[in-house]
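This report describes selected features of a protein model, chain by chain. Attention is given to secondary structure, burial and local contacts.

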Amino acid sequence: MITAQNINLCYDKKTVVWDFDFEVRPGEIVSLIGPNGSGKSTVLKAISRLLKCTCGTVHLDGYDIYKLPTREVAKKLSILSQVHATPPDFTVRELVNYGRVPHQQWYETLNQEDREIVAWAIAQTRLEQFADRTVNSLSGGERQRAWIALALAQRPQVLLLDEPTTFLDICHQIELLDLVKRLNASLGLTVVMVLHDINHAAAYSHRLVVIKDGRKVAEGAPVDVLTPKLLSEVYNVQAEIAYHPKTGKLYFHALGLACAKKELPCNQATA
Amino acid sequence: MNRLLALVLVVALAVITVGCATQTAQPPAVTPTPAAATPTPAAATPAPAAATPAPAAATPTPAAATPTPSTPAPAPSAPAPGPSLTPSPAPVAPAVATLTSTPQPAPQALIPHVFRLVETDGTELVLEEIPRRVVALSVNTAGVLASMGIMPVGMATTARAHHILRDVPQLGTPMSPNIERLRALRPDLVIANIVFKPSLAPIFRQHGLTAYFIDNQRYSDVIANLEMFGRAFFNNADHAQALIDHIRGRERVALAAARGRPQPRVLIIFGTPQAFMLSTQYSYVGEMVTMLGGRNVTEGMTVVRHAQTIPLSMENIIAFNPEIILRISHGSPEQVAQMFQREFTQNPVWGRLDAVRNNRVIDLPPVLFMSNPGLPMIDALEALARFMYP
Amino acid sequence: MTTRSEAQPTAAPRSLRVVKKALVLVLALGLLLTAAVVSLRFGSLSFSTAEIWQALFGGEETLAKIIVLDVRLPRMLVALMVGANLALSGALLQAVMRNPLADPGLTGVSTGAALAGVSIMLVFPQWGALVPFAAFIGGAIACGLVFLLAWKRGLDPIRIILAGVAVNAVFGGGTSLLSILYSDRIQGILMWLNGSIAGRSWHHVRLLAPYTAVALVAAMLCIKPANLLQLGDDAARNLGLNVNVARTVLSFIAAFLAGISVSTVGLIGFIGLIIPHVCRLLIGSDYKFMLPLSALLGSLLLITADAAARTVFRPVELPVGIIMAVVGGPFFLYLLRKGGTYRV
């Protein structure tokens, strides 16, 4: 689906991601985890062509993503950023309508099929009753779902989510992640997301990619990747990994900092 | 034009030579105390010198200059009028009305050490001594002073200065002169334009400069100023009067052209075709047009009292239907004419005006008409009379 | 015009919104046409309606006919075009900058045009015929400079604004310098500096019309990118918009709209900033509705203001920009306080 080879990324002159290889297979949920500033979101931007690599390549379905017309990419892939700017008077439906833009010519307006797809996207995200309310009048979780509906209306094969749960309370976090999982299961939608919560990442992903200081540290199924050793190396946290007695899912519990040098910032402790 | 320059030059030379001659030749007769400053009796003498070149001023520069040294026969009584000047002392135009309100010149001979100038807003400037180092931040006034024999020590920067002012240091714009250079000249009087009084007065006060703010934009202002300077400086009222009389004489001839003729409707355009305003009867050119019997489109229409230029509606211009259009623009008259011609052909409205139909559109040379040039304004008036009554 | 496909209702409240918006547009169009006709009635000379009627349809060469057909009508048409242009320019720039305070002046167009225009009128008055052309070039240079300075791997709104402030300061300083150096000539150009439609004739209508037609069409083609830019750069890119290209094209069209206006009538501020705001308050921020409404209301405002400029202090003309600032400012404040669906 997506293959990134040997990519280097920098902001201004400062390189933040080095020699990163990455692959996403169709139909899987992959989570990128790592400490703050490790380059997770940067990688996500690179594989969604929002940020151009200084070197290396990103392929989408075998085509170089930077050479594909950006509108073609928009039909296959959708990325949701952390922060959204919604014009204050846009309703949910008006916002979701924009998801159809990549499928229209510049002179075209919504046709019946577009309208149906928009209605479908709204139904998928369970926003029917809010469809004609303004986005800004909704709660944070509903707003996030509205933007996911916009992404769904693009009918993408890959959905990239940049910290989709950040501003949500725990209920809305679970609700959102369940939605992602459901979409993945029912539509076969490939999902790549950046998550902060390791337990969420473990519970909802087929595969994890761990990044630290712009380099890939580990990759694989949650069970294989999440070890106390890795958590100590990457996050400088002493942790206990266990399987929940009821769900059988892996979870971790932080016991404290691995390194006692408290005056050092967390992500420099092992550098 | 040339004639007038020559006149100014001659008058100035005459005054200077006479002034020097009297200063060196004979000690002041009336005032015993300040020896140098007050050569009172000299004031009477230049009158004939100024009067002679007037009729044909273009050529006789040396001729006019020669008689002056011979004349300084001390006139014993100061207030005597210039003897050889034929014109009557009665002023013709109403323009002098403002200045006659100041006290008559007679008592000045008795207290010559008091120097007195009055601003149009009523502010009075009284000095114990007659200033000797004068800076004129108005080019027009610098010229007027020079022709009275009072050479300023500094003036505003200009490209149009008369050549007798060639060596006078130029100090920047009239609006914001270079204060450092101004102070370095150690003037005992700074004459600035009254328009800039609000901004300049506090600065001058701060620097301890004595300032007089002059109103010299209109024709009548220049005559009023001449009279006032004549009384104030060197007590040379008669000398100033001679200049005034000369101007009045030519003025009468110019005005005679208008007598008995129908009063034309006149439109005075100031600016470029892209953005112009109309000069009112209170402006320099507007006043002269009124003197010559023209009816200005702006008469009775000013919203701001005594505004010199107003943006009048095109509709009123059409309704007024001027018979003569006078255009004042910076830039060479030919090019401006061309430019207006284009506007006039592009905008059919102009073509309906009598002035355009009868080809009575005149581009006034900016040197004389852009702003008041000082004494050469009489040339402007004469030219205007010729334009209006060909 | 663009409302056709939207007007087919599927859900009641949604169709209501669209109908309401369409109604606002129709109402604005009606108001504009009314104002356009009524404005012919007003001027520094008063004519009766009968005289005006005769002027428009009678064959006789009356004073009223000359004034209505050759003075007021071209003025009204110039105001119509310039008002629409400036409002569209402001609306597009607010999308480009994603900043409600953006106005055509921000791109340097106005100050660049002012400096070029003023230097010709003051220093080289003999080339006065070149003022519109020079003003346009000056505006284009200043605008190009702003975008050149702001460009750094793409156009960032904040950098555009900062570059705009800097370029405006330099060009504005140049204009001030000239007006001080040539203070004796300044009266002649005051009207232009404050924006005036006085004295604009059929010649200017003919000059402006083709450019305006092109620019209007171009502006209407910008509806989709403008809407996408409102969603933020990342979202717009995600939806397949080349954000840098869109910013550049929109800015160019906006600068062109402002440039042709400034070069014909001088500096008229206010419309470009206020009208898009008013439109957002009235009809929402969807450019599909907002952009046409901006054009309509921009024309409406300028026609009305110009009629007032030649009437209020008749027979003296006021620069129309002053009228707009005096009347439009309070009206805008009222709208802001009253609020609407759109809150700033």
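C:K65 lies in helix 3 of chain C, which spans residues 63-97. The model is predicted, and in it C:K65 has a relative accessible area of 15%. Because that value falls under 20%, the residue is classed as buried. Leaving aside residues up to four places away in sequence, C:K65 touches C:A55, C:G58, C:G59, C:E60 and C:D70.

**Chain C as a whole**

Chain C contains 14 helices and 0 strands. Its pattern along the sequence is accordingly written α-α-α-α-α-α-α-α-α-α-α-α-α-α. The chain has 344 residues, of which 59% count as buried. Among its contacts with a separation of 6 or more, 75% link residues 24 or more positions apart. The exposed area of chain C is about 13,400 Å², and carbon and sulfur atoms supply 73% of that area.

A nonpolar patch of about 590 Å² is found on the surface, made by C:F124, C:W127, C:L130, C:F133, C:I137 and C:I141. One of these residues, C:I137, belongs to helix 5 of chain C, residues 131-150. Its relative accessible area is 35%, so C:I137 is partly exposed.

**The sheet and a buried serine in chain A**

Chain A has an open sheet of 4 strands in the order 2-1-4-5, with antiparallel pairing. Its edges are strand 2 (14-24) and strand 5 (63-64), each of which pairs on one side only. Strand 1 of chain A, residues 2-11, runs antiparallel to strand 2 of chain A and is joined to that strand by 7 bridges. Within this pairing, A:I2 has A:V24 of strand 2 as its bridge partner.

Elsewhere in chain A, A:S205 occupies the loop between helix 7 (198-204) and strand 9 (207-212). With a relative accessibility of 8%, A:S205 counts as buried. Not counting residues up to four places away in sequence, A:S205 touches A:I29, A:S31 and A:P222. The side chain of A:S205 takes part in the two polar contacts tabulated below.

| Group on A:S205 | Partner | Distance |
|---|---|---|
| Side chain of A:S205 | Side chain of A:S31 | 2.5 Å |
| Side chain of A:S205 | Backbone oxygen of A:A201 | 2.6 Å |

A:S31 therefore appears both among the contacts of A:S205 and as a side-chain polar partner of A:S205.

**The hairpin in chain B**

Which residues of strand 2 of chain B lie on the covered face, and which on the uncovered one? In this strand, residues 124-127, B:L125 and B:L127 form the covered face, whereas B:E124 and B:V126 form the uncovered face. In a regular strand, side chains alternate between the two faces of the sheet.

Strand 1 of chain B, residues 115-118, pairs with strand 2 of chain B in the antiparallel sense over 4 bridges. Across this pairing, B:L117 stands opposite B:L125, and B:L125 is one of the residues on the covered face of strand 2. The hairpin formed by strand 1 and strand 2 of chain B has 5 residues between the strands. In this hairpin, B:G122 adopts a positive phi near 100°.

Terms used: Residues are numbered from 1 along each chain as its sequence is written. Chains are lettered from A and ligands numbered from 1 in the order in which they are written. This is a predicted model: local features need pLDDT of at least 70, side-chain atom pairs count only at pLDDT 80 or more; totals for chains, interfaces and linings use all residues. Side-chain values use heavy atoms; hydrogens and water are left out. Patches are made of residues with over 30% relative accessible area and no salt bridge: like charges are joined within 9 Å, nonpolar side chains (Val, Leu, Ile, Met, Phe, Trp, Tyr) within 5 Å. Accessible areas come from the Shrake-Rupley method with a 1.4 Å probe; for residues, only the protein chains shown count as cover. A salt bridge is a side-chain nitrogen of Lys or Arg within 4 Å of a carboxyl oxygen of Asp or Glu. Helices (H or I, at least four residues) and strands (E, at least two) are DSSP runs, numbered from the N terminus. Buried means under 20% relative accessible area, exposed over 50%, partly exposed in between (1.4 Å probe, protein chains only). A polar contact is a pair of N or O atoms within 3.5 Å; within protein, one must be able to donate a hydrogen and the other to accept it, and residues adjacent in sequence count only if both atoms are side-chain atoms. Contact means heavy atoms within 4.5 Å. Two strands pair if DSSP finds at least two bridges between them.
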